Amino acid sequence: MAAVQDGCPGAVNVVMLGPPGAGKGTQAGRLSRTRKLPKISTGDILREAVQSGTQIGRVAKETMEAGNLVGDDIMIAIVQDRLNRDDARRGFVLDGFPRTVVQATALDRMVDGHGPLVVLDIVVPEDELVRRLSTRRICSKCGSTAEPDGTTACGKCGGALVTRVDDEADIVRERLKVYLRQTKPLVEYYAGRPSFSSIDGNRPADVVTAAVDAALDAALETAGRGVAL
Ligand code: AMP
C-alpha cells in the first residue's frame, strides 16, 4: 500500500481542507495518532507564538483577532521550517494550511519528490459551522479544543474552558467570508487530482473519521499503483 516516490518511500502527506468549524483539527488529530504522523496546525503554531510574545506572534495577533489571514510569506516560511524537522520526514497531517492558492503552490514545491499529497476536503453547511463555532471552547491554559460534550474543564490539563477570541459572532462571520474568498478556490485548485476527496463532515465525528480513513487508504492505494497524485 505504501507509495514509493523519489527518496521518500512510504511518505504520507495529508492536507485537511475545509472552512473553520468543519472539524479539520479533530480529524487531523485522529489521523495523526492512528497513522503516527505529526499534526501540523498553523493556527496552533500562531497561537503559541502570540502567547509567548515572539516577533511572529506580535505581527500575527491583530490579524488573527480580526479574523483575517496572516501573510503568505510568513505562513510559507513557518510551514517550510516545520516540514524540515526530522519527524516530518515520513509525512504529516496539515491542518489550516494551505489557505490561499499562493500557499498551495508553495506546498506543492515543498513536497515535490517527497511522496504523494493527499487532500481531504471536509464539507459542512454554513449554518452548522456557525452553530459549532459559537459553542466551541478551548482551554485557557494549554489551548487545546475541548470535546463538544458540555464539560467545563479541559480533559487534558484540567484548565478552565473559554471561547476563542476569533469565535465571537462578528469575527466568525468575517472568517467565513475570508474562507469563501481566499480558501474555497483551493477546492478547484486540487479537485482534478486523483488524491483529492470531498468528505461529508455534517455527521458524527466517528463517522467522519471512518470516511477520512477510507479516503486516505484509497488515495494511497492509487499512489501505490504508480498513478501520479
Ligand atoms: P485556525 O486555528 O486554523 O482557525 O487559524 C486561526 C487563525 O490563524 C486564522 O483565522 C488566521 O488568522 C491564522 N492562520 C492560520 N493558518 C493560516 C494560514 N495558513 N494562512 C494565513 N493565516 C492563517
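Trainee: Which helix gives the largest share of the shell around the ligand?

Mentor: Helix 2, residues 42-52, supplies four residues, and that is the largest share of the shell. Keep in mind as we go that this is a predicted model.

Trainee: How many residues surround the ligand, and which are the closest?

Mentor: There are 16 residues around the ligand, with T42, R47, N68, G96 and R99 the closest. To count as near, a residue needs a heavy atom within 4 Å of the ligand.

Trainee: What is the make-up of that shell by class?

Mentor: The shell has six nonpolar, five polar and five charged residues. Glycine is placed with the polar residues in this scheme.

Trainee: What makes the approach of R99 to the ligand a polar contact?

Mentor: Set the distance against the cut-off. A polar side-chain atom of R99 is 3.0 Å from a nitrogen atom of the ligand, and the limit for a pair of N or O atoms is 3.5 Å, so the pair qualifies.

Trainee: Which backbone atoms pair with a ligand nitrogen, and at what distances?

Mentor: G96 has a backbone N or O atom 2.9 Å from a nitrogen atom of the ligand. For V70, a polar backbone atom is 3.1 Å from a ligand nitrogen. As for cover, the ligand has 480 Å² of accessible area on its own, and the protein covers 95% of that.

Trainee: Let's move on to the whole chain. How many helices and strands does the protein have?

Mentor: Its secondary structure comes to nine helices and seven strands. The radius of gyration is 17 Å, close to the 17 Å from the globule rule for 229 residues, so the protein is as compact as a globular protein of that length. Along the principal axes, the C-alpha trace spans about 50 × 40 × 35 Å.

Trainee: What share of the residues counts as buried, and how much area does the protein expose?

Mentor: Of the 229 residues, 45% count as buried. The exposed area is about 11700 Å², with 51% of it supplied by carbon and sulfur atoms. On contacts with a separation of 6 or more, 71% are between residues 24 or more positions apart.

Trainee: Why is A191 called partly exposed?

Mentor: A191, in helix 8 (residues 185-191), has a relative accessibility of 41%. Buried means under 20% and exposed means over 50%, so a value in between is partly exposed.

Trainee: And why is V212 called buried?

Mentor: The relative accessible area of V212 is 1%, and the cut-off for buried is under 20%, so the label follows. V212 belongs to helix 9 (residues 205-224). Beyond residues up to four places away in sequence, V212 touches Q27, L31, L120 and I199. V212 and L120 are 92 residues apart in sequence, yet their C-alpha atoms are 7.3 Å apart.

Trainee: Is D167 buried or exposed, and where does it sit?

Mentor: D167 is in the loop between strand 6 (161-162) and helix 7 (169-183). Its relative accessible area is 3%; that is under 20%, so D167 is buried.

Trainee: How do you know that the side chains of D167 and R175 make a polar contact?

Mentor: Their distance is 2.7 Å, and the limit is 3.5 Å, so the pair passes on distance. Leaving aside neighbours within four places in sequence, D167 is in contact with L133, R136, V172 and R175.

Conventions
Residues numbered from 1 in each chain as written. Predicted model: local features only at pLDDT ≥ 70, side-chain atom pairs only at ≥ 80, totals over all residues. Heavy atoms only, no water. Polar contact = N/O pair within 3.5 Å; in protein donor to acceptor, adjacent residues only side chain to side chain. Areas by Shrake-Rupley, 256 points an atom, 1.4 Å probe, with all protein chains shown as cover. Helix = DSSP H or I, 4+ residues; strand = E, 2+ residues; numbered from the N terminus. Rg over C-alpha atoms; globule rule 2.2 N^0.38 Å. Buried < 20%, exposed > 50% of the residue type's maximum accessible area, 1.4 Å probe, protein only. Contact = heavy atoms within 4.5 Å.
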